[in-house]
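Got your viewer open? Let's walk through this one stop by stop, with something to select at each.

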Amino acid sequence: MSRTLLLVPLSLALAASVRTKSVLVDPSAPPLPALDPANVRIFTSSEELDTLAYTRVALIEATASGELTSQSGMLQAMRKKAAKLGANGILLPSINEPGAGAKVAGAVFGTGTQRKGNVVAIRITGRR
C-alpha cells in the first residue's frame with residue numbers, strides 16, 4: 001500500500017477529532033443553502049474584505065486535542081461547518097496554539113492540551 005493511501009485515513013481521523021459549534025448572527029434569517037467546503041475562502045485579515053460586500057452568518061468555534069490535530073485540520077473543520085451554514089468565506093482571527101510548557105505539562109500529567117480557534121463565517125454577495 002502506498003504511503004499516500006495510509007495518510008488519507010489518518011488525516012480524516014485527525015480532522016474528525018475537531019469539535020465545532022456555531023452561533024448564528026441572525027437566527028431569524030432564512031437558512032442559506034449548504035455549499036462545498038472547497039469553495040469556502042479563508043481570509044486572514046478584515047482588510048481583505050474591504051472591496052467585498054458580505055454579511056456575517058455565524059461565529060464558529062473549534063476545539064481539538066493539541067497533540068492529535070494541526071492548524072490545517074482545524075481550518076478544514078471550520079470550513080466544513082461554515083459551508084454547512086451556507087457561508088462562502090471565513091475570517092480567521094486566530095487559532096490558539098498550546099505553548100511548549102503546556103504540551104510538556106499535558107504529557108507529564110496525562111491531561112493533554114487543547115487547540116482552539118474562532119472564525120466569523122461570512123456570505124460574500126459581491127463587490128463594493
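Which residue forms a salt bridge with E61? Select K21: the closest N and O atoms of the E61 and K21 pair are 3.5 Å apart. E61 sits in strand β3 and K21 in strand β1, so the bridge ties together parts that are 40 residues apart in sequence. Colour the two by accessibility and you'll see that K21 counts as exposed, at 54% relative accessibility, while E61 is partly exposed at 32%. The structure holds 1 salt bridge, and keep in mind that this is a predicted model.

**Zoom out**

Switch to cartoon. You should find 3 helices and 5 strands, running α-β-β-β-α-β-α-β from the N terminus on. Turn on a contact map if you have one: among contacts between residues at least 6 apart in sequence, 85% join residues at least 24 apart. Of the 128 residues in the protein, 31% are buried. With a surface drawn, the accessible area comes to about 7900 Å², and carbon and sulfur atoms account for 59% of that.

**Helix α2**

Now select residues 71-84, which is helix α2. How far apart are its end C-alpha atoms? They are 20 Å apart, and that agrees with the span of 20 Å expected for 14 residues at 1.5 Å a residue. Show the side chains next: the buried residues of this helix are G73, M74, L75, A77, M78, R79, A82 and A83. A reminder while you rotate the view: an α-helix has 3.6 residues a turn, so residues three or four places apart point the same way. Step just past the end of α2 and check the backbone of G86, where phi is positive, at about 90°.

**Into the core**

Stay with the inside of the protein and pick V18, I60, M74, M78, A82, V119 and A121. These are the residues with the most contacts inside the largest nonpolar core, which has 18 residues. The elements giving two or more residues to this core are β3, α2, β4 (89-96) and β5 (114-127). Helix α2 gives the most, with 6 residues.

For a close-up, centre on A82. What does A82 touch, once its neighbours within four places in sequence are left aside? Its contacts are V40, I60, A87, I90 and A121. Then move over to a second, separate core of 7 residues, where F43, L52, V120 and I122 are among the members.

**Along strand β3**

Select residues 52-65 for strand β3, and pick out T63 within it. Is T63 buried or exposed? It counts as buried, with 15% relative accessibility, the cut-off for buried being under 20%. Beyond residues up to four places away in sequence, T63 touches S17, V18 and R19, then M74, and also Q114, R115 and K116.

**Last stop: the surface**

Bring the surface back and highlight V23, V25 and L59, which make a nonpolar patch of about 270 Å². Where does V25 lie? You'll find V25 in the loop between β1 (19-24) and β2 (41-43). At 44% relative accessibility, V25 counts as partly exposed.

Key:
Residues are numbered from 1 along each chain as its sequence is written. This is a predicted model: local features need pLDDT of at least 70, side-chain atom pairs count only at pLDDT 80 or more; totals for chains, interfaces and linings use all residues. Side-chain values use heavy atoms; hydrogens and water are left out. Helices (H or I, at least four residues) and strands (E, at least two) are DSSP runs, numbered from the N terminus. The expected span of a helix is 1.5 Å times one less than its number of residues. Buried means under 20% relative accessible area, exposed over 50%, partly exposed in between (1.4 Å probe, protein chains only). Patches are made of residues with over 30% relative accessible area and no salt bridge: like charges are joined within 9 Å, nonpolar side chains (Val, Leu, Ile, Met, Phe, Trp, Tyr) within 5 Å. Accessible areas come from the Shrake-Rupley method with a 1.4 Å probe; for residues, only the protein chains shown count as cover. A salt bridge is a side-chain nitrogen of Lys or Arg within 4 Å of a carboxyl oxygen of Asp or Glu. Contact means heavy atoms within 4.5 Å. A nonpolar core is a set of buried Ala, Val, Leu, Ile, Met, Phe, Trp, Tyr and Cys residues joined through side-chain atoms within 4.5 Å.
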